[in-house]
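Trainee: Got a minute? I'd like to walk through this one with you.
Mentor: Sure, let's put it on screen.
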Amino acid sequence: MKISRQEVEHVAHLARLNLSEDDLVKMTGQLDEILNYVAKLEELDTTDIEPTTHAFSVKNAYRDDIAQESLTQEESLRNCAVRNNEAFIVPRIL
Amino acid sequence: MQPYTLTIAESLDHLQKKELTSKDLVESCLQRINKTETKLHSFISVFEEKAMRRAEEEDNKRQQGQSGSLSGIPISIKDLLCAKDTATTCGSKMLENFISPYNATVVEKLENEGAVIIGKVAMDEFAMGSTSETCAFGVPDNPWKEGYITGGSSGGSASSVAGGQCLASLGSDTGGSVRQPASLCGVVGLKPTYGRVSRYGLVAFASSLDQVGPLTRDVRDCALMMNCIAGYDEKDSTSVKIDKGDFRQSLEAGVKGLKIGVPREYFGEGLNEDVEKIVRNGVAILEDAGAEVMDVSMPHTEYCVAAYYLIAPAEASSNLARYDGVVYGYRDGTADSLMDMYKQTRSQGFGDEVKRRILIGTYALSSGYYDAYYKKASQVRTIILNDYKKVFEQCDAIISPVAPTAAWKRGESADDPLALYLSDIFSLSANLAGVPGLSVPGGFTADGLPVGIQLQGPHFREDILLKLAYNIEKSTNLANVLPEIQQ
């Protein structure tokens, strides 16, 4: 086994997902199968090979620090499920 | 003549000669949608009134001599591109009620050139899938055969263009999501070079792989769409400043002297016989037209699926962390604590495939596994990129299948995610390497299902692919061939 049920539970917590008992069993099996397959990469010697994160190097693109138009407060709040007139509302934290 | 059967180029010609109005054209597509949509399910939303209003505006502008390069042309867009004040669902319950606060750059560009956005089309949830069956709002059907998949993730784009519901569509391609549905539905689909087209306003899936691309009825229309959407955008930091020229320019230049590589690793076990025959026929067409065909090797092709299915989910798990129920999107209203709110929101809002990829990606990036999985895959990506560099020292473009098979029956791939990932083997590497890839219709299987031929070229050489595809299209006579859809 490449991945255990406990590990899937831990990863689900990191990803902020709840899995039902059935999902946990199914996902563990499928993830294990996928991880077994991707282990194929171990066949390749990658010592001293630089990783590629973008197909060609992209430099940070900066613009001049000049104030530009942005969304209004109302536009920013428009898609929020729970809000008042000026803020996003979430369950109490403290 | 039914206006919806025209290509963009033909429509523009008729419009200019005053033999047709934009209103006729848009009305014809809307009627076609009404007639076929109960079968095809291409659309998540249709903008009937707005499209008619826009068509009238374009007709007026034309009378005043002010029309753009796509004036009055009805186009659909994949439902992950933001169009101001319309819903952008990404095919997910998570974004069911999300209203775009601004336009994607490509949407802005289409509208500036006079295009009429007729609606937003179905897709796999968050573009994760190869069949469009993970869409939360109806699964599109293949216009060529009832009950068959359209391919995906831009399945609604492909079915709307092939089904005569609009003249062209914009999709997105992270591992084949424009090319594969184009192949399976018998239309032209192009994934441009990474950085060629702005992604501002495209909902992110895997940021180092995503690219917006057109699906059209023929190669010339593909060039027309590229002329409109390509170009540098300061709002997309990965956008590249490079001259775009006119993509139509080289279409008719001929292929004499061009070197075409046939990568032998693309023709191995698992390739459907009909598909192979169709691709080989494409090779013969180019050879007859004067291209020099050569056997080449891309020895690491077999590692593409493994590398891709670590890199793409890793990036997705990070990009999709933003769906936490706070600022936009679905929220579970019953949780008492913030942690429960996050977990319940995400568990109820995302479908199984999205969860699966978030889990793989989170695992591949997690402490203790990062080097073994994500870093290793990124190093293999370098090796795959080198395969491309070497092969393009020998030839101008490579030709291959887009996918190992034609479309298959809906429901067949439901519970075997790995088998489905493996079907992406021929399309993923273009995204890993950032090169352009195009699918052009090549023929039909014995069952009457369309099959596309894939052309890939060096960075920013879409012109070569368009020229080759144009030659194939001329010979197969498959430009703008629409299926009969039984009412």
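Mentor: Start with a term: helices (H or I, at least four residues) and strands (E, at least two) are DSSP runs, numbered from the N terminus.
Trainee: OK. Where is the place of Gln73(A)?
Mentor: Gln73(A) sits in helix H3 of chain A, residues 73-77. One caution: this is a predicted model, where local features need pLDDT of at least 70, side-chain atom pairs count only at pLDDT 80 or more, and totals for chains, interfaces and linings use all residues. Residues are numbered from 1 along each chain as its sequence is written, and chains are lettered from A and ligands numbered from 1 in the order in which they are written.
Trainee: Why does Gln73(A) count as exposed?
Mentor: Because Gln73(A) has 10 C-beta neighbours inside 10 Å. A residue is exposed with 12 or fewer other C-beta atoms within 10 Å of its own, buried with 20 or more, and partly exposed in between; C-beta atoms are placed from the backbone.
Trainee: How far apart are Gln73(A) and Asn85(A)?
Mentor: 12 residues in sequence, and 8.9 Å in space, C-alpha to C-alpha.
Trainee: New topic. How many residues of chain A are in contact with chain B?
Mentor: 41 residues of chain A, with 52 residues of chain B on the other side. Contact means C-beta atoms, placed from the backbone, within 7 Å.
Trainee: Which helix supplies the largest share of chain A's side?
Mentor: H2(A), with seven residues.
Trainee: And what does Ile75(B) touch?
Mentor: Leaving out residues up to four places away in sequence, Ile75(B) touches several residues, including Leu110(B), Val116(B) and Cys166(B).

Definitions and conventions. Two residues are in contact if their C-beta atoms, placed from the backbone, lie within 7 Å.
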